[in-house]
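Open the model in your viewer and keep the selection panel within reach. The tour goes stop by stop.

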Amino acid sequence: MLRKSKSLIFKYFLNLMNGAFLVLGLLLLGFAAWLLLDRNNFFTALDEKNHLIVYIFRILIGAGSAVVLLCLLGYLGIHYEIRWLLILYAVQLIGAFGVQVALSALIFTKKEKVLQVWHDEIDLVISQYGSKDMPEDIPKWTVLNVLQKTLQCCGQHNYTDWIKNKSKENAEQVPCSCTNSTLSKWFCDEPLNATYLQGCETKINTWFQVNALTLIGINFGLLVLEVLQVSLSISFFRHIKNKIYTEI
């Protein structure tokens, strides 16, 4: 009776931790997929040359998918008390631990490079914005419009960044998204007091830092759960082994 109760306690806590692990894995998968697939996500829209940002998001999607599959494997081993599945589960948890440490380090160490990619690309987009000779870049310009309108900012550093644009009819024009205007065209003639004066750089940096911290936070939560799951899995394996020897 005591041994049966101990098995139930092991299963309860293992399934509880496995469930939390599954939720965090789905969060990681969903968050990375949203960043990758969102059409209004300026990072993925502007990162067409070296694909660094897309590459990171795909790694995160792969990690989230692996976590979900790992949880299903763990559930089978726990529920049916299959020893080899428990060992496989624990080994894969250790492997996942190493991968997630590497992912967290990658996000942290590459954040400056990601921001630099964006800064370089946004300068190019500003200079080519509205050009009749480059209709293939309209999606980029649309994303930039959404960004400027949503964050109420203009240019990278401030509205004077638009001086370098050669597609304007006159030097005073700025994108309509830089103003209070509701006109659906590329450039508007609006007074300075109706123009967003602050640049988008600071707001973009804040957005990126918040999302990077969210990803690292999810990873950290997974790491803690993995350590606990490995310990519980090994203890449960020993318990099943002892129970089999006792029955013999």
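Select Cys153 and Cys200. Their sulfur atoms sit 2.0 Å apart in this predicted model, forming a disulfide. The torsion about the S-S bond is about 95°, so this disulfide is right-handed. Now look at where the two ends come from. Cys153 is in the loop between H5 and E1, while Cys200 is in the loop between E2 and H6, so the bond ties together parts 47 residues apart in sequence. Both Cys153 and Cys200 are buried.

Move to Cys154 and Cys178. A disulfide joins Cys154 to Cys178, with an S to S distance of 2.2 Å. Its S-S torsion is about 90°, so it is right-handed. Cys154 lies in the loop between H5 and E1 and Cys178 in the loop between E1 and E2, so parts 24 residues apart in sequence are tied together. Cys154 and Cys178 are both buried.

Next, pick Cys176 and Cys188. Here the S to S distance of the disulfide is 1.8 Å. With a torsion of about 90° about the S-S bond of Cys176 and Cys188, the disulfide is right-handed. Cys176 belongs to the loop between E1 and E2, and Cys188 to strand E2, 12 residues away in sequence. Both cysteines, Cys176 and Cys188, are buried.

How many disulfides does the count come to? The count is 3. Counting bonded cysteines along the chain, the pattern is 1-6, 2-4, 3-5.

Turn to the aromatic rings. The whole structure holds 6 aromatic pairs. Select Tyr129 and Phe187: the ring centres are 5.3 Å apart and the planes are at 80°, so the pair is edge-to-face. Tyr129 sits in the loop between helix H4 (83-128) and H5, and Phe187 in strand E2 (residues 187-188), so this pair ties together parts 58 residues apart in sequence. Tyr129 and Phe187 are both buried.

Keep Phe187 and add Trp162. This aromatic pair is also edge-to-face, at 6.5 Å centre to centre and 80° between the planes. Trp162 lies in the loop between H5 and E1, 25 residues from Phe187 in strand E2. Relative accessible area is 0% for Trp162 and 9% for Phe187. Widen the selection to Tyr129, Trp141, Trp162, Trp186 and Phe187: ring pairs link these residues into a cluster.

Now select Asn165. Where does Asn165 sit? Asn165 is in the loop between helix H5 (138-151) and strand E1 (174-175). Is Asn165 buried or exposed? Its relative accessibility is 4%, so Asn165 counts as buried. Show its contacts beyond four places in sequence: Ile126, Ser127, Gln128, Tyr129 and Phe187. Then measure from its side chain: a polar atom there lies 3.4 Å from the backbone nitrogen of Lys168.

Finish with the nonpolar cores. The largest has 23 residues, and those touching the most other members are Phe21, Leu28, Leu60, Leu70, Leu93 and Leu222. Colour helix H1 (2-37), helix H3 (52-80), H4 and helix H6 (201-247), the elements that give two or more residues to this core. H3 provides the largest share, 7 residues. A second, separate core has 17 residues, among them Ile126, Val174, Cys178 and Tyr196. Cys178 takes you back to the disulfide with Cys154, and Ile126 back to the contacts of Asn165.

How values were computed: Residues numbered from 1 in each chain as written. Predicted model: local features only at pLDDT ≥ 70, side-chain atom pairs only at ≥ 80, totals over all residues. Heavy atoms only, no water. Helix = DSSP H or I, 4+ residues; strand = E, 2+ residues; numbered from the N terminus. Buried < 20%, exposed > 50% of the residue type's maximum accessible area, 1.4 Å probe, protein only. Polar contact = N/O pair within 3.5 Å; in protein donor to acceptor, adjacent residues only side chain to side chain. Contact = heavy atoms within 4.5 Å. Phe/Tyr/Trp six-rings, centres within 6.5 Å; stacked < 30°, edge-to-face > 60°. Core = buried A, V, L, I, M, F, W, Y, C linked by side-chain atoms within 4.5 Å. Disulfide = S-S within 2.5 Å.
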